[in-house]
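This report goes through one chain with its charged pairs, its aromatic contact and its surface in turn. Please keep the coordinates open beside the text while reading.

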Amino acid sequence: MQIGEVAARTELSLRTIRHYEEAGLVVPSARSQGGFRLYTEGDVARLMVIRRMKPLGFTLDRMRELLAATDRLDGHAGTGPPEGEEREELLESLRGFEEAARRRTADLRTQLARAEEFATTLRERIEHIERTERAEPIKRGRTGEESESGPDPELTAPA
């Protein structure tokens with residue numbers, strides 16, 4: 001598929017996909033005779049991994065490390081899947097990425113809860129102000145004006 005379809009499927013911009021290509025994170029599997037980038041389902045899956053890592057704050061270098069480890073574990077390095085100590089090291093690396101993703105996700109949940117709390121506080125303040133403004137003409141009397149001696153203490157005293 002061409003880059004436009006990949007962009008639509010991954011919800012990434014053309015510019016972002018090209019940037020990831022320049023950074024060596026994803027390389028189109030082929031080029032058309034006209035020179036257009038052509039991507040496979042595997043390329044799209046790789047872009048989705050990158051897209052999911054981005055909001056967790058992973059750097060391009062860390063993304064590259066993860067993708068290299070998964071490529072090697074999947075046997076895409078041309079030598080087949082690793083065995084023995086190399087396999088265990090790669091799995092341990094993936095466990096580290098998983099733990100980092102879990103920690104960052106927990107941090108984001110905390111930030112989201114704080115943001116929601118703040119939005120609720122603002123909504124409550126707005127509602128309080130609007131209620132107060134609606135009640136204000138009632139406190140001032142029927143004409144909406146205060147007497148020359150000031151507001152009537154009985155009408156303005158807190159309930």
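Which side chain meets that of Arg-102 in a salt bridge?

## Salt bridges along helix H5

In this predicted model, the partner of Arg-102 is Glu-98, with a distance of 2.8 Å from N to O. Both residues belong to helix H5 and stand 4 residues apart, about one turn of the helix. With a relative accessibility of 52%, Arg-102 counts as exposed, whereas Glu-98, at 42%, counts as partly exposed.

Two further salt bridges can be described in the same way. Glu-99 is bridged to Arg-103, with 3.7 Å between the closest N and O atoms, and because these residues are 4 positions apart in helix H5, about one helical turn separates them. Glu-99 is partly exposed at 39% relative accessibility, and Arg-103 is partly exposed at 49%. Glu-92 forms a salt bridge with Arg-95, where the closest N and O atoms are 3.4 Å apart; the two lie in helix H5 with a spacing of 3 residues, about one turn of the helix. Arg-95 has a relative accessibility of 41% and is therefore partly exposed.

The structure holds 12 salt bridges, and a network of them links Glu-21, Arg-31 and Arg-37.

## The aromatic pair

A search of the whole structure finds 1 aromatic pair. It is formed by Phe-58 and Phe-97, whose rings are tilted, with 5.9 Å from centre to centre and 35° between the planes. Phe-58 sits in the loop between helix H3 (41-53) and helix H4 (60-73), while Phe-97 belongs to helix H5, so the pair ties together parts that are 39 residues apart in sequence.

Are these two rings buried or exposed? Phe-58 counts as buried because its relative accessibility is 10%, under the 20% limit, and Phe-97 is likewise buried, at 5%.

## A nonpolar patch

Phe-118, Leu-122 and Ile-126 make a nonpolar surface patch of about 280 Å². Of these residues, Ile-126 is found in helix H5, which spans residues 84-140, and Ile-126 is partly exposed, with a relative accessible area of 36%.

## The chain as a whole

The chain has 6 helices and 2 strands, and its elements run α-α-β-β-α-α-α-α from the N terminus on. Of its 159 residues, 21% are buried. The accessible surface comes to about 11,600 Å², and carbon and sulfur atoms account for 52% of this area.

Among the contacts with a separation of 6 or more, 46% are between residues 24 or more positions apart.

Conventions
Residues are numbered from 1 along each chain as its sequence is written. This is a predicted model: local features need pLDDT of at least 70, side-chain atom pairs count only at pLDDT 80 or more; totals for chains, interfaces and linings use all residues. Side-chain values use heavy atoms; hydrogens and water are left out. Patches are made of residues with over 30% relative accessible area and no salt bridge: like charges are joined within 9 Å, nonpolar side chains (Val, Leu, Ile, Met, Phe, Trp, Tyr) within 5 Å. Accessible areas come from the Shrake-Rupley method with a 1.4 Å probe; for residues, only the protein chains shown count as cover. A salt bridge is a side-chain nitrogen of Lys or Arg within 4 Å of a carboxyl oxygen of Asp or Glu. Buried means under 20% relative accessible area, exposed over 50%, partly exposed in between (1.4 Å probe, protein chains only). Rings of Phe, Tyr and Trp (its six-membered ring) pair if their centres lie within 6.5 Å; planes under 30 degrees apart count as stacked, over 60 as edge-to-face and the rest as tilted. Contact means heavy atoms within 4.5 Å.
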